[in-house]
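Reader: I would like a close look at a single part of this protein, namely one of its sheets, together with whatever packs on that sheet. Please take me through the pairing, the residues and the helices in one connected account.

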Amino acid sequence: MAGTEPVSAAVNRRRFLLASGATAAAGVAGTSAGALLPRQRQDPAVEPAARTVAQRPPRSAPRAAPYALTTLETTARLGGSAHTGTYRRLVSGPGWPLVVRKELATPGAGRQDRRTPLACFVQFTDLHLADVQNPLRTEFLRSRGASSWRAQEALTVAGAVALVEQVNALGGGPNTRLRPAFVMTTGDNVDNNSAIELEWFLTVMSGGRITPNTGDPRAYEGAQNSGLPLFWHPGDPHLRDQDKRRGLPLIPGFLAAATRPITSPGLRIPWYSTVGNHDDLPGGCLSPALNDFAVGSRKLLSVSAADAAAYAKALGSGDDPKSEVLKAILTRNAASARTVTADERRRLCTPHEYLAAHLDPAHAGAGPVGHGYTQDNLDGERMYYSFKVAENVLGISIDTTYRSGHYEGSLGSDQLRWLERTLAAHSSRSYDADGRLVRNTGADDAHILVFSHHHSPSMTRRPDAARTDEPRHDGAEVIALLSRFPNVVAWINGHSHVNRITPHAHATPARSFWEVNTASHVDYPHHARLIELTDNGDGTVSLFTTLVESAAPHRTARDFDDLSAVGLASLYREVAYNAPGLAESMKGGVQEGWVGGPGDRNAELVVAGGSAAA
């Protein structure tokens, strides 16, 4: 089915990581042409991108500098031969062309000459900034398979800083010449719902100095110097761990470099925040009642096969016993756990604390204060809001998390009703649940973009023990609601760690919209999206989605001896590309199950709507 994750060993691994805690969008029919100004500032030095691959300039033709900052120009690829074992170095490969998607509307000839730029912004998703020394992490699940622990996780902060640097370097968008006006993060900004990870995330985004270390400030206390061959020990020349056997390098000084202070310049443009399950729950799926273990001094890295199997079974259960199962395992094995330095900064964040931290003026950065959240959000502990993307363009950020403990998503009835009211307030025409046309002459018409963490296939209907007073609603119900409002252009989200763009077609073309699902920045392929919106002046609008990598060079140091912040960010990407089983499944350095097909990457998504349809 379009929009769902492909059934493959690679993606099954990713689904396991999402669940385990081991690591854890139809156009505007009622908008007048004259109402679309003023608009975001254009960069006159940048030419709009050509409309098709065939019409692009030859590869030898010079291009403006901003093109080299996106995957239109070049992409990271695995090299053809192994460095050692199965480990392969990264190289710079050819860029990916723009693909025109016309499932929802016919692209009009000459639209690029009539096009009115409306908006330009960037999407981050699934950064998973991780305190890898947190005692509540369940690295012990690696005994059930090499794919259930990420060797690159100690470098998440360095990788995120390099992504911020890339966004700061972007000029005008390749299709509109508009400079990006803001960044939207679509959740799983952190990995373990801890106060210190949240502090790191807010500082990465808004600027400042970060020390990605917890516990003993003088020593690393985690899996990667535990002496257990389950894990990559980059600094130990004597231990032949399973990752070195498959080619991961020996890097003296790696752990000291990974935990030393790093300074983020912060985004030079405003940014907004959307909550994900890892932001709301420890490991993305566990109960907040496990706080005592998070701030404690015992870190469990190895368990019996029976305990590992019991927890893996609990994670796959339709019910929610996993927190109790994990609590029992941690308690039963406390004597054999590693003693680490307790750290109160690892405490789990309540929704109130999460919102308050966003509202702290110390983290305002380039704005806005609260990054979408307001005092009203804090007072009601509501993590959903609407905001102005651009003139006549509305953004809606929704909260799809289960607060009681589950990695899947849903919406509660109160939020679903709020979403319907917000959509109606910006739609002069819509359809009721029975398909009848509804006119609202008082509406403030706008193109509408909806943001969430979960994508539609990962939203289910199950009770939420933290909010027992309201029914929950799944992805199909959200799709049905959005399709009632022709002003909805796209639903933009993350969670799957896969690039996938899905057309949600309707028998009434104006009621169709796109769903844009973007891959993670912790796993291969480490992508963000530059998103641009245009009115084509012919009754259609186009949403352009251009993938962006971080500013880190594709090539790492030949001898892995560059342990600067830039070198670590490059290594972060390269190790992720060498995840167990991933390199072997790639063709031409690309694994399409995760990076998506050509139409899921750099695309023009055409949909009915726009000023000509008013």
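Author: A good place to enter the sheet is Thr540, which stands opposite Ala608 in strand 25. The two strands concerned, strand 24 (residues 540-548) and strand 25 (residues 603-608), are joined by six bridges and pair in the antiparallel sense. The model is a predicted one, and what follows should be read as a description of that model.

These strands belong to an open sheet of seven strands, in which the order is 3-25-24-23-4-5-8 and the pairing is mixed. Its edges are formed by strand 3 (99-101) and strand 8 (271-274), each of which pairs on one side only. On average, and with direction ignored, neighbouring strands of this sheet are turned by 20° against each other.

Turning to the edge at strand 3, one finds Arg101 within that strand. Arg101 has a relative accessible area of 9% and, because the cut-off for a buried residue is under 20%, it counts as buried. Leaving aside residues up to four places away in sequence, Arg101 touches Ile501, Pro503, Trp514, Gly599, Asp600, Ala603, Glu604, Leu605 and Val606.

In another part of the sheet the pairing is parallel: strand 4 (116-124) runs parallel to strand 5, and three bridges join them. Here Gln123 stands opposite Met184 in strand 5. Strand 5 also pairs with strand 8, again in the parallel sense, over four bridges, and Thr185 has Ser273 in strand 8 as its bridge partner. The side chains of strand 5 divide between two directions, Val183 and Thr185 pointing one way and Met184 and Thr186 the other way, yet all of these residues are buried. Cys120 is likewise counted as buried, since its relative accessibility is 0%. The structure holds zero disulfides.

The helices that lie on this sheet can now be added. Helix 3 (residues 156-169) packs on the sheet and touches strand 4, strand 5 (183-186), strand 23 (528-535) and strand 24, while its direction makes about 165° with that of strand 4. Helix 4 (residues 195-206) lies across strand 4, strand 5 and strand 8, and it runs at about 155° to strand 8.

Each of these two helices has further contacts with other helices. Two packed helices are described by the angle between their axes and the distance between the axes. For helix 3 and helix 15 (residues 565-577), the axes come within 8 Å and cross at roughly 100°. Helix 3 is therefore roughly perpendicular to helix 15. The residues that meet are Thr156, Ala158, Gly159 and Ala162 from helix 3, and Ala565, Leu568, Ala569 and Tyr572 from helix 15.

Helix 4, for its part, is among the elements against which the buried residues of helix 11 pack, the others being strand 8, helix 7 (277-280) and helix 12 (375-380). In helix 11 (residues 351-359), those buried residues are Pro351, Tyr354, Leu355, Ala357, His358 and Leu359.

As for the setting of this sheet, the protein chain has 17 helices and 25 strands, and 64% of its 614 residues count as buried.

Key
Residues numbered from 1 in each chain as written. Predicted model: local features only at pLDDT ≥ 70, side-chain atom pairs only at ≥ 80, totals over all residues. Heavy atoms only, no water. Buried < 20%, exposed > 50% of the residue type's maximum accessible area, 1.4 Å probe, protein only. Pairing = 2+ DSSP bridges. Axes fitted to C-alpha atoms, helices over the stretch in contact; angles between N-to-C directions. Contact = heavy atoms within 4.5 Å. Disulfide = S-S within 2.5 Å. Parallel < 35°, antiparallel > 145°, perpendicular 65-115°, else oblique.
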